[in-house]
Amino acid sequence: MFRHFKNVQMFRLCSRILGLFACKFKMIITVAAFKGGVGKSTTALHLATYLQNTADTLLVDGDLNRSALDWSNRGCLPFKVADEKQGIVLAKLYENIVIDTPARPDPDELKTIARGCDLLVIPTTPDAIALAATMQMVEALKQFKTNYRILLTLIPPNPNKAGEDARAALLKAGLPVFKSGIRRLAVFQRAALEGVPVNAVKDSYAQIAWRCYAEVGKEILENSK
């Protein structure tokens, strides 16, 4: 019951944020998924890192786990992270807004998410359970006119072909998928512990990990023109 109440509160607040900027030139990217543990907060945080290089960016942490806020509190991020209440006040000061949402939004929450952003990013791992949850979300989105794109995350290294197989299956189903995927690299966990984006970690794999998200960010900007 408490979790439901918190969800309702969060989506009412996010609705206000989305409504505030419905007629202004701002880029609002929402990251949502029907399944937890698919790299949703990591994705929101690194997309905000990329967008900060183009304009002032605010990450609104609407996830009940407060993963992005905890990440920020442990170190230093190059953009502002706020909870929903702070986000309503601060959002008008920023050109780009990235919103991290709780997992498994209900139909009303999904409607708010789908209609209120310029792009809905749906991260999914390449395993069967996560892909099934993603397909359920895509099915639920059919009733809304929304611009969404699926991002494969936690892709295991070669010779494992799970990432390639998942991408082929999604494309065969006619779904929009980011050209780039996010590799499963331990350096992301180290970045979370240090409270910095992965490109700020002193690790030989840091730039490899960062390029994954940089390619996604580049694709978002190219498609927004």
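**Exercises on strand 2 and the nonpolar cores**

**Exercise 1.** In this predicted model, determine which residues Leu59 touches, not counting residues up to four places away in sequence.

*Solution.* With that exclusion applied, Leu59 touches Ala44, Leu45, Ala48 and Ala68, then Phe79, Lys80, Val81 and Ala82, and finally Val98 and Asp100. A second core lies apart: it has 30 residues, and Phe34, Met137, Phe144 and Tyr148 are among them.

**Exercise 2.** Identify the residues with the most contacts inside the largest nonpolar core, and the elements that give two or more residues to this core.

*Solution.* The core in question has 38 residues, and Ile29, Leu59, Val121 and Ile220 have the most contacts inside it. Two or more residues come from each of strand 1 (27-31), helix 2 (40-52), helix 3 (67-74), strand 5 (119-124), helix 8 (187-194) and helix 9 (206-224). Helix 9 provides the largest share, eight residues.

**Exercise 3.** Establish why strand 2 (residues 57-61) is largely enclosed by the rest of the structure.

*Solution.* Step one: take buried as under 20% relative accessible area. Step two: five of the five residues of strand 2 are buried, so the strand is largely enclosed. Step three: Thr57, Leu59 and Asp61 point one way, while Leu58 and Val60 point the other way. In a regular strand, side chains alternate between the two faces of the sheet.

**Exercise 4.** Describe how strand 2 pairs with strand 4 (residues 96-100) and with strand 3 (residues 80-82).

*Solution.* Strand 4 pairs with strand 2 in the parallel sense over five bridges; Thr57 has Asn96 as its bridge partner there. Strand 3 also runs parallel to strand 2, joined by three bridges, and Lys80 is the bridge partner of Leu58. From strand 2 the chain passes through helix 3 to strand 3, a right-handed β-α-β crossover.

Note on methods
Residues are numbered from 1 along each chain as its sequence is written. This is a predicted model: local features need pLDDT of at least 70, side-chain atom pairs count only at pLDDT 80 or more; totals for chains, interfaces and linings use all residues. Side-chain values use heavy atoms; hydrogens and water are left out. A nonpolar core is a set of buried Ala, Val, Leu, Ile, Met, Phe, Trp, Tyr and Cys residues joined through side-chain atoms within 4.5 Å. Buried means under 20% relative accessible area, exposed over 50%, partly exposed in between (1.4 Å probe, protein chains only). Helices (H or I, at least four residues) and strands (E, at least two) are DSSP runs, numbered from the N terminus. Contact means heavy atoms within 4.5 Å. Two strands pair if DSSP finds at least two bridges between them. A crossover is right-handed if, with the strands pointing away from the viewer, the path from the first strand over the helix to the second runs clockwise.
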